[in-house]
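Grab a pencil and have a look at the model below. Then work through the exercises one step at a time.

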Amino acid sequence: MSKPREHVFVVGHRNPDTDSVCSAMAYAALRRRQGLAAVEPARVGALNRQTEFVLSELNIESPRMLLDVYPRVRDVVDDQVVTIAGSAPLSKAMELFHRHSIRLLPVVDDAGCPKGVLYLKQITERFLVPRKEDEIRRVRTSALALCECLEGRALNLVDEASVEELNLFVGAMDSRTFSERLDSNNPRTMILVTGDREKVLRASVERGVRILVVTGNLPVSDEILALARENRVCLISTPFDTATGTWLSRLSTPVIEVAEKDAQSIGLKDRVEDLHLKMMHSKAPGVLVVSEEGTVVAVATKSNLLAPSPTKLILVDHNELSQAVPGADKVEILEVVDHHRLGNPPTDKPISFINRPLGSTCTVVATLYRQAGITPSKDEASLMMAGLLSDTVLLKSPTTTEVDREILPWLGELAGLDPMEFGKKMFSASSSLANAAPRDLLLTDFKEYETEHCKFGVGQAEVVDFSDFHRLKDELQAALQTIKEERGLDMAGFLVTDIVLETSLFLALGSKELPYLLDYPRVADNLFELKGVLSRKKQLAPHLLRVFK
Ligand SMILES: [Mn+2]
């Protein structure tokens, strides 16, 4: 796992149309050619049939699909983590805290899965807060942990992994005084630290102390060793002197014994905002980050929350967050290239914002190629041509401008394609009503509107002739009725536009007064003729919003 570097996605709106996808691809190519590193086009949703046709006809690969751009934990944490085994002594933990300048140390099992957490603050408090003598002498440890802590050599081990409450004694007194000590304490709960005091050693192994530590690497006789074996005494030899060895013994507790067991954890793929929540509601200085396999891979602290997301966005063909890829509000937006009304959110920094009321975002991008003095490649020109033809419905939509009319032949020439011929193929590929279920046809591009007294929805499809529509009208009407009821609409309609004849039919279900309200010529039951109407956005919707007010 390594931290991803900055990555810029050029992305259109949700429910992408041809202009959205093609302008993202063409603009990403332009920015790459201008030297912007790690820039990639993307889309937020499945390609529609028209865009699918365009890309397969041009033999260009579909851009990557983005589900969301919410910053993830993996984007903000370091890929290095220091962990400790549960059986390791506290002395080892102290060394790691110091060496890596950390305040939190995950305790893991052999597989690397979390078993608890050590907090530097809590551990140091154990030793700094004054206590009674018998508390200070008490050490919860195992022979194994003590041996590791003292960097010792095990001469004899008995039940070495068993963790017990033991009491620490130093054999520094006269052997007689020492024997009295032994009598007044239970030897099986004693850790005895001493040098090469033969009498003390002998008394200890004879009475069967739990652990005998011989300091300074001093020699131990075979006789003592044999007695230790006989009386089940753990015998450890350490290079430290008695003072250091005794002091260190207090740090021999296996870390799992003092670790906080219910540590907070979060997945690498989880959102940074969830990490934020966990941090806010926890007193702990950090949260464990676990992989999909459940192993600890990082520790996230407050400073990770401040790390900027490596994902950045360039929005094309939209500027409103409600239409943008989910999570767009959590990452930096570098640029906007669009041809819609303004509904953009405020930004922290000045950004490049290009919005022109042209027929398509592809047209805007084409003007940017010209401004930059960069000639589009064949593929780049083909993509922009397709987006322009799509959004302007072959230059017939009332949204078409002089700039669109002027730029289209230029793109066609660079693409080596006849724009109108390509456009007609493109629309007939996407406009056949025969290959989809009626419900899908209605909902592919269905928009809902609301006035004070009325809620209505209108689907739209573009066709190259009305024959399929007339054949499917009854089925479409039944499906439209279902949608109207499901969504509690006062009126549900389907606008079918013949882009060759430049006219539309409107299938509309509503109240008995609907025909009078609509005021369009009725050609059959629930069917109206809308001569010259091509645009739902510019022509039909404003009319409906007015009559339903
Ligand atoms: Mn557009």
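**Exercise 1.** Work out how helix 15 and helix 17 are arranged.

Step 1: The axes of helix 15 (residues 361-372) and helix 17 (residues 402-415) come within 10 Å and cross at roughly 70 degrees. Axes here are lines fitted to C-alpha atoms, for helices over the stretch in contact, with angles from 0 to 180 degrees between N-to-C directions. Helices (H or I, at least four residues) and strands (E, at least two) are DSSP runs, numbered from the N terminus.

Step 2: So helix 15 is roughly perpendicular to helix 17 (that label covers 65 to 115 degrees).

Step 3: Who touches whom? Thr363, Ala366 and Thr367 of helix 15 meet Val403, Asp404, Ile407 and Leu411 of helix 17. Contact means C-beta atoms, placed from the backbone, lie within 7 Å.

A quick word on the source: this is a predicted model, where local features need pLDDT of at least 70, side-chain atom pairs count only at pLDDT 80 or more, and totals for chains, interfaces and linings use all residues. Residues are numbered from 1 along each chain as its sequence is written.

**Exercise 2.** Describe the open sheet that contains strand 5.

Step 1: Its 3 strands come in the order 4-5-6, with mixed pairing. Two strands pair if DSSP finds at least two bridges between them.

Step 2: At the edges sit strand 4 (84-85) and strand 6 (114-119), each pairing on one side only.

Step 3: Strand 4 and strand 5 (residues 104-108) run parallel, joined by 2 bridges. Alanine 85 has valine 108 of strand 5 as its bridge partner.

Methods: Parallel < 35°, antiparallel > 145°, perpendicular 65-115°, else oblique. Contact = placed C-beta atoms within 7 Å.
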